[in-house]
Amino acid sequence: MAEKLINLYSDTQTQPSKAMRLAMAEAEVGDEQRGEDPSVNRLCEMTAELLGKEAAVFLPSGTMCNQLAIHIHCRPGEEIIAHRSAHILNAEGGGTAAFSGAQVQGLDGPGGLFSVEAARAAIRPKSRYNPQTRLIAVEQTANFGGGTIWPLSDIEALGALAQQQGLAYHMDGARLLNAVVAAGVSAKDFSAPFDSVWIDLSKGLGCPVGAVLAGSSEFIEEVWRLKQRTGGAMRQAGIIAAAGIYALEHNVERLAEDHDNAKLFAESLRNLPGIWVDVDAVETNIVFFDIAGTGLSAETFCAALKEKGVDLGGAGARIRAVTHLDISRADVEAAITAIREVLSDAKA
Ligand SMILES: *Cc1c(COP(=O)(O)O)cnc(C)c1O
């Protein structure tokens, strides 16, 4: 085993830095559920401002942001239009069905994006036979699509469609700030057409826990009721909100380094035998690559790499690597060396 694990499994693997821990230790705190925690209040104000919304609320996770927003937008038997690879459809324990009784119509499209035409065609005609379409949901960036950025023009066109059809419009912005930094579009502009939008603090921003959901004051009032109902209302939560404040102040611009490292990783992979990667598809901090040509399964490949101190996730022949603030350029180079060794060991 190597001494330092190079953890490319996910950007959820980040460790809070010394400076972040210090900010947490020194946080002013109060009773969050009574609105008396100054650090939580500050984080919510900062996020509402960043996203150009009236109000925001601090929640324990991104999953909870999605599920509470869906619960407010949708009644049982109604339908959500989303990409078939969407987190709400594949990775939230069936929460959409379990908590809201809503179903998801998963659309196809390259890179986790779907076209405005596909969304228009997916809207159900009003009929007693059809589930009624209620919500359009997009992921910025599209996680299982490979960290792909929704162009602002598509975001706006889908928003116009939602408005015209009387549908709610939700952004899963787990990695919105990656899109902001990579595309050079403001978070406000990306968020403007949406009724609800959230950012995750525990992905590339490097916090141990937390997400912030934003929308109109009326919407956030509803979220607060559900937060209370589901046990998400907290007490001296400023101790974790302080990490979020620190991250918004220090860890946003630096996401560009993660994108450069992801690009470097993909470009270096391209030269390895049996590996296929679409370098141009790498727009942010996520790299998907295919190892079918190596003859190794994802399980064997990942286990061999773990022995060499590199953690990656994958299924079938598809492997995912995610760069983040604990991954340096040297780590990327070391990971490539380890992969090269695994491939030559397998050949021997
Ligand atoms: C990680 C993630 C979530 C869930 O966020 P948690 O904070 O882990 O609950 C939702 N959507 C996308 C696209 C994600 O990548």
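## Ligand shell, nonpolar cores and selected residues

Glu-32 lies in the loop that runs between α1 (18–25) and α2 (38–51). The model described here is a predicted one. Although Glu-32 carries a charged side chain, the residue is buried, its relative accessible area being 2%. The side chain of Glu-32 is joined to that of Lys-227 by a polar contact of 2.6 Å. Apart from residues up to four places away in sequence, Glu-32 touches Asp-37, Val-40, Phe-58, Trp-224, Lys-227, Ala-233, Met-234, Arg-235 and Ala-237.

One of these neighbours, Phe-58, leads to the nonpolar interior. The largest nonpolar core has 56 residues, and Phe-58 and Leu-158 are those with the most contacts inside it. Helix α11, residues 238–250, gives the most to this core, namely seven residues. A second core, separate from that one, has 32 residues, among them Leu-305, Ile-327, Ile-336 and Val-342. Leu-158 touches Phe-114, Val-116, Ala-119, Ile-136, Val-138, Trp-150 and Tyr-169, when residues up to four places away in sequence are not counted.

### The ligand and its surroundings

The ligand is surrounded by 14 residues, of which Gly-62, Thr-63, Asp-172, Asp-200 and Lys-203 are the closest. By residue class, the shell around the ligand divides into six charged, six polar and two nonpolar residues. Helix α3 (62–73) and strand β7 (196–200) each supply at least two residues of this shell. The largest share, three residues, comes from α3.

Three pairs of protein and ligand atoms are set out below.

| Residue | Protein atom | Ligand atom | Distance |
|---|---|---|---|
| Gly-62 | polar backbone atom | oxygen | 2.8 Å |
| Arg-175 | polar side-chain atom | oxygen | 2.8 Å |
| Lys-203 | polar side-chain atom | oxygen | 2.9 Å |

On its own the ligand has 380 Å² of accessible area, and the protein covers 87% of it.

Lys-203 also has a protein neighbour in Thr-12: setting aside residues up to four places away in sequence, Thr-12 touches Ser-202 and Lys-203. The place of Thr-12 is in the loop between β1 (6–7) and α1. Is Thr-12 buried or partly exposed? Thr-12 counts as partly exposed, because its relative accessibility is 36%, and the partly exposed class lies between 20% and 50%. The side chains of Thr-12 and Ser-10 are joined by a polar contact of 2.9 Å. Between the C-alpha atoms of Thr-12 and Asp-331 the separation is 17 Å, the two residues being 319 residues apart along the chain.

### Further residues in helices and loops

Thr-47 is found in helix α2. Thr-47 is buried, because its relative accessible area is 0% and burial requires a value under 20%. A polar atom of the Thr-47 side chain lies 2.8 Å from the backbone oxygen of Leu-43. Which residues does Thr-47 contact, leaving aside its neighbours within four places in sequence? They are Ala-56, Ile-199, Val-212 and Leu-248.

Val-277 occupies a place in the loop between α12 (255–269) and β9 (286–290). With a relative accessible area of 7%, Val-277 is buried. Its contacts, leaving aside neighbours within four places in sequence, are with Ala-266, Leu-269, Arg-270, Val-287, Phe-288 and Phe-289. Val-277 and Asp-290 are 13 residues apart in sequence, and their C-alpha atoms are 6.3 Å apart in space.

Ala-118 lies in helix α6, which covers residues 116–122. Its relative accessible area of 26% makes Ala-118 partly exposed. The C-alpha atoms of Ala-118 and Asp-108 are separated by 8.4 Å, and the two residues are 10 residues apart along the chain.

A feature of the backbone completes the description. The peptide bond from Gln-140 to Thr-141 is cis, with omega near -5°. Thr-141 is found in the loop between β5 (132–139) and α7 (152–165).

Key:
Residues numbered from 1 in each chain as written. Predicted model: local features only at pLDDT ≥ 70, side-chain atom pairs only at ≥ 80, totals over all residues. Heavy atoms only, no water. Near = heavy atom within 4 Å. Polar contact = N/O pair within 3.5 Å; in protein donor to acceptor, adjacent residues only side chain to side chain. Areas by Shrake-Rupley, 256 points an atom, 1.4 Å probe, with all protein chains shown as cover. Helix = DSSP H or I, 4+ residues; strand = E, 2+ residues; numbered from the N terminus. Core = buried A, V, L, I, M, F, W, Y, C linked by side-chain atoms within 4.5 Å. Buried < 20%, exposed > 50% of the residue type's maximum accessible area, 1.4 Å probe, protein only. Contact = heavy atoms within 4.5 Å.
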